[in-house]
Amino acid sequence: MRLEDAIARITFSLESVHVESAAARIEEKQAANQAKQSGAALILASDAEVWRAGVHESAHAVAAVRCDLHLEHAGVRCDASGWCCYYEGGESIDQTISRVVADLAGPCAELLLVGADDARCGQLAHSSDLLLARLNIDRCRARAPTWQLPTRLFAQLACSIVATNIDSIGRLAHVLILYGQLSRDAVAALVRQ
Ligand SMILES: [Zn+2]
């Protein structure tokens with residue numbers, strides 16, 4: 001997908017989030033992810049689906065490192081689900097903006113580097129990445145109302161960090177799929193090569 005089209009789609013998805021139900025839906029998705037981490041049975045996905053997951057999680061990880069967030073670890077499962085754990089180093093608004101950029105980088109990478117049909121775009125629009133990003137964008141706006149932060153700005157930042165780190169994302173995706181899980185140090189070493 002072209003950069004401008006990806007920015008437009010992410011912006012539309014963010015503005016379409018049903019904010020009132022977002023926190024509850026994020027909790028549901030986190031519980032499902034935790035069940036998988038605890039050993040729930042997984043359905044094997046195709047190589048293409050696992051690659052998509054590898055690119056998605058690698059984009060989160062690369063953005064987290066580039067934005068100076070605290071990355072813990074990242075992984076991809078055989079059912080094409082995955083995770084990337086990172087968190088802000090404080091309550092400053094720039095850390096929250098960085099968090100939004102890292103959260104959006106996964107969906108942006110799918111649109112820009114893999115391609116997503118309408119069904120996948122629908123899934124991404126309702127993903128915890130988009131929901132959480134929208135809630136944090138609203139937090140930024142509440143804390144800095146005079147900045148008048150446009151939604152599109154966050155989509156532009158996330159798509160830009162993906163577009164300028166294509167090599168790092170691809171390199172990390174290959175290794176992440178090979179090993180299944182990588183530590184913070186391993187991710188940082190691959191990103192900074
Ligand atoms: Zn994600």
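I count two residues as in contact if their C-beta atoms, placed from the backbone, lie within 7 Å. I am working from a predicted model.

**Entry 1: helix H7**

I looked up H7 and found it at residues 151–163, with 13 residues. I read 19 Å from its first C-alpha to its last, close to the 18 Å expected at 1.5 Å a residue.

Next I asked which residues of H7 are buried. I list Phe154, Ala155, Gln156, Leu157, Ala158, Cys159, Ile161 and Val162.

What do these buried residues pack against? I found five partners named: helix H1 (3–16), helix H3 (47–66), helix H4 (93–114), helix H6 (128–143) and helix H8 (166–179).

**Entry 2: H3 with H4**

Two of the partners of H7, H3 and H4, also pack on one another, so I looked at that pair. I noted an angle of about 140 degrees, with the axes 7 Å apart. An angle over 115 degrees but not over 145 counts as oblique, and I therefore enter H3 and H4 as oblique to each other. Their crossing is right-handed.

I then looked up which residues meet. From H3 I have Arg52, Val55, His56, Glu57, Ala59, His60, Ala63 and Ala64. On the H4 side I have Val101, Ala102, Ala105, Gly106, Cys108, Ala109, Glu110, Leu113 and Val114. Sorted by class, this contact holds 11 nonpolar, 3 polar and 3 charged residues.

**Entry 3: H8 with H9**

H8, another partner of H7, led me to helix H9 (residues 184–191). I noted that the axes of H8 and H9 come within 9 Å and cross at roughly 140 degrees. H8 and H9 are therefore oblique to each other, and H8 passes H9 in a right-handed crossing.

For the residues, I found Ser168, Arg171, Leu172 and Val175 in H8 meeting Val187, Leu190 and Val191 in H9. By class I enter 5 nonpolar, 1 polar and 1 charged for this contact.

**Entry 4: positive phi in two loops**

I looked up Asp68 and found phi near 60 degrees, a positive value in a residue other than glycine. Asp68 sits in the loop between H3 and strand S1 (70–76). Is Asp68 buried or exposed? I enter Asp68 as exposed, because it has 12 C-beta neighbours inside 10 Å, and 12 or fewer is the cut-off for exposed.

Ala80 is not a glycine either, and I read a positive phi of about 70 degrees for it. I placed Ala80 in the loop between S1 and strand S2 (82–87). Ala80 has 20 C-beta neighbours inside 10 Å and therefore goes down as buried, since buried begins at 20.

Technical notes: Residues are numbered from 1 along each chain as its sequence is written. This is a predicted model: local features need pLDDT of at least 70, side-chain atom pairs count only at pLDDT 80 or more; totals for chains, interfaces and linings use all residues. Helices (H or I, at least four residues) and strands (E, at least two) are DSSP runs, numbered from the N terminus. The expected span of a helix is 1.5 Å times one less than its number of residues. Axes are lines fitted to C-alpha atoms, for helices over the stretch in contact, and angles run from 0 to 180 degrees between N-to-C directions. Angles under 35 degrees count as roughly parallel, over 145 as roughly antiparallel, 65 to 115 as roughly perpendicular and the rest as oblique. A crossing is left-handed if the near helix is turned anticlockwise from the far one by less than a right angle, and right-handed if clockwise. Ala, Val, Leu, Ile, Met, Phe, Trp, Tyr, Cys and Pro count as nonpolar, Asp, Glu, Lys and Arg as charged, and the others, Gly among them, as polar.
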